[in-house]
Amino acid sequence: IGREVVTLAANSGDLSAGTILGRKRGAVTSAAVGTNAGNGALGTVTLGAGAKEGDYKLVIVEPGSDAGKFMLEDPSGAVVGHGTVGAAFTGGGLAFTLADGSNDFVAGDTIKISVAVGTKWAPYNAAGTDGTEIARGILYDNVADSAADQNVLAIVRHTVVIEDLLTGSDASAKAALKEQTIIYR
């Protein structure tokens, strides 16, 4: 059976065995890739629903004086949006503004935006924006609420489960767990 110990985030509530779990996303960092001509800065990156863990790639595709256009690729390499330097951008589960610097960006300047894999788990929340909107596992045993993080056992892969015994399941959770070879019966 595909069980492992995971860290349940503090104040997750009293949970029963069979509760669907999600994993909170980790920190976001960004850095220029190589030597960019432009010296603008990426503002605070806000994660929203659909943000993926891994490295996003922001590439300047059309330079401009005190402006310019960029595209953003998600960690799988899919283009998730186009934006303008100096204007608010939302796409691929990320929201940010790329500020212009004293040196303009040129075509090909690249910035890597990394969304770290989270280490804390919490109950699955289909409406969440912190990573818990993606079902990642199933709580194996009952757990009492705690003001501190706690280690718990979760089913995370290669298992057949009885759907009627699960708490918090929906079509999205079922599909996400199936990708991890957790099959409903």
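**Exercise 1. Which residues touch the most other members of the largest nonpolar core?**

Before you start: this is a predicted model, where local features need pLDDT of at least 70, side-chain atom pairs count only at pLDDT 80 or more, and totals for chains, interfaces and linings use all residues. Residues are numbered from 1 along each chain as its sequence is written, and side-chain values use heavy atoms, with hydrogens and water left out.

Solution.

Step 1. Get the term straight: a nonpolar core is a set of buried Ala, Val, Leu, Ile, Met, Phe, Trp, Tyr and Cys residues joined through side-chain atoms within 4.5 Å. Buried means under 20% relative accessible area, exposed means over 50%, and partly exposed is what lies in between (1.4 Å probe, protein chains only).

Step 2. The largest core has 17 residues, and Leu58, Leu94, Phe96, Leu98 and Ile113 are the ones that touch the most other members.

Step 3. Now trace the core back to its elements. Strands E5 (54-64), E6 (67-73), E9 (94-97) and E10 (110-115) each give two or more residues to it. Strands here are DSSP runs of at least two residues (E), helices are runs of at least four (H or I), and both are numbered from the N terminus.

Step 4. Zoom in on isoleucine 113. Not counting residues up to four places away in sequence, its partners include Val28, Leu42, Val45, Tyr56, Leu72, Leu94 and Phe96; contact means heavy atoms within 4.5 Å.

Step 5. Don't stop there: a second, separate core of twelve residues has Tyr124, Ile155, Leu166 and Ala173 among its members.

**Exercise 2. Work out how strand E5 is paired on to E6 and E10.**

Solution.

Step 1. Two strands pair if DSSP finds at least two bridges between them.

Step 2. Take E6: seven bridges tie it to E5, and the two run antiparallel. Leucine 58 faces leucine 72 of E6 in this pairing.

Step 3. Check the turn. The E5 and E6 hairpin has two residues between the strands, and aspartate 66 has a positive phi near 55 degrees there.

Step 4. Take E10: it pairs with E5 over six bridges, again in the antiparallel sense. Here lysine 57 stands across from lysine 112.

**Exercise 3. In what order do the strands of the open sheet with E4, E9 and E8 lie, and which stand at the edges?**

Solution.

Step 1. The order is E4-E9-E8, with antiparallel pairing.

Step 2. E4 (46-47) and E8 (88-91) each have a single partner strand, so these two are the edges, and one side of each is left without a neighbour in the sheet.

Step 3. Count the bridges: E4 and E9 share two, while E8 and E9 share four. For the E8 pairing, alanine 88 sits opposite threonine 97 in E9.

Step 4. E8 and E9 also make a hairpin with two residues between them, and glycine 92 in that turn has a positive phi of about 65 degrees.

Step 5. Look at the faces of E8: Phe89 and Gly91 are on the covered one, Ala88 and Thr90 on the uncovered one.

**Exercise 4. Build a profile of threonine 46.**

Solution.

Step 1. Threonine 46 belongs to strand E4 and stands opposite alanine 95 in E9.

Step 2. Threonine 46 is partly exposed, because its relative accessibility is 47%.

Step 3. Beyond its neighbours within four places in sequence, threonine 46 contacts Gly93, Leu94 and Ala95.

Step 4. The C-alpha atoms of threonine 46 and aspartate 130 are 9.9 Å apart, though 84 residues separate the two along the chain.

**Exercise 5. Where do histidine 158 and threonine 181 lie?**

Solution.

Step 1. Histidine 158 sits in the loop between strands E13 (150-157) and E14 (159-161). Its phi is positive, near 45 degrees, in a residue other than glycine.

Step 2. With a relative accessible area of 56%, histidine 158 counts as exposed.

Step 3. Threonine 181 is in the loop between helix H1 (171-179) and strand E15 (182-184). It also has a positive phi, near 60 degrees.

Step 4. Threonine 181 has a relative accessible area of 33%, so it is partly exposed.

**Exercise 6. Sum up the whole protein.**

Solution.

Step 1. Secondary structure: one helix and 15 strands.

Step 2. Extent: the C-alpha atoms fill a box of roughly 60 × 35 × 25 Å along the principal axes.

Step 3. Burial: of the 185 residues, 40% are buried.
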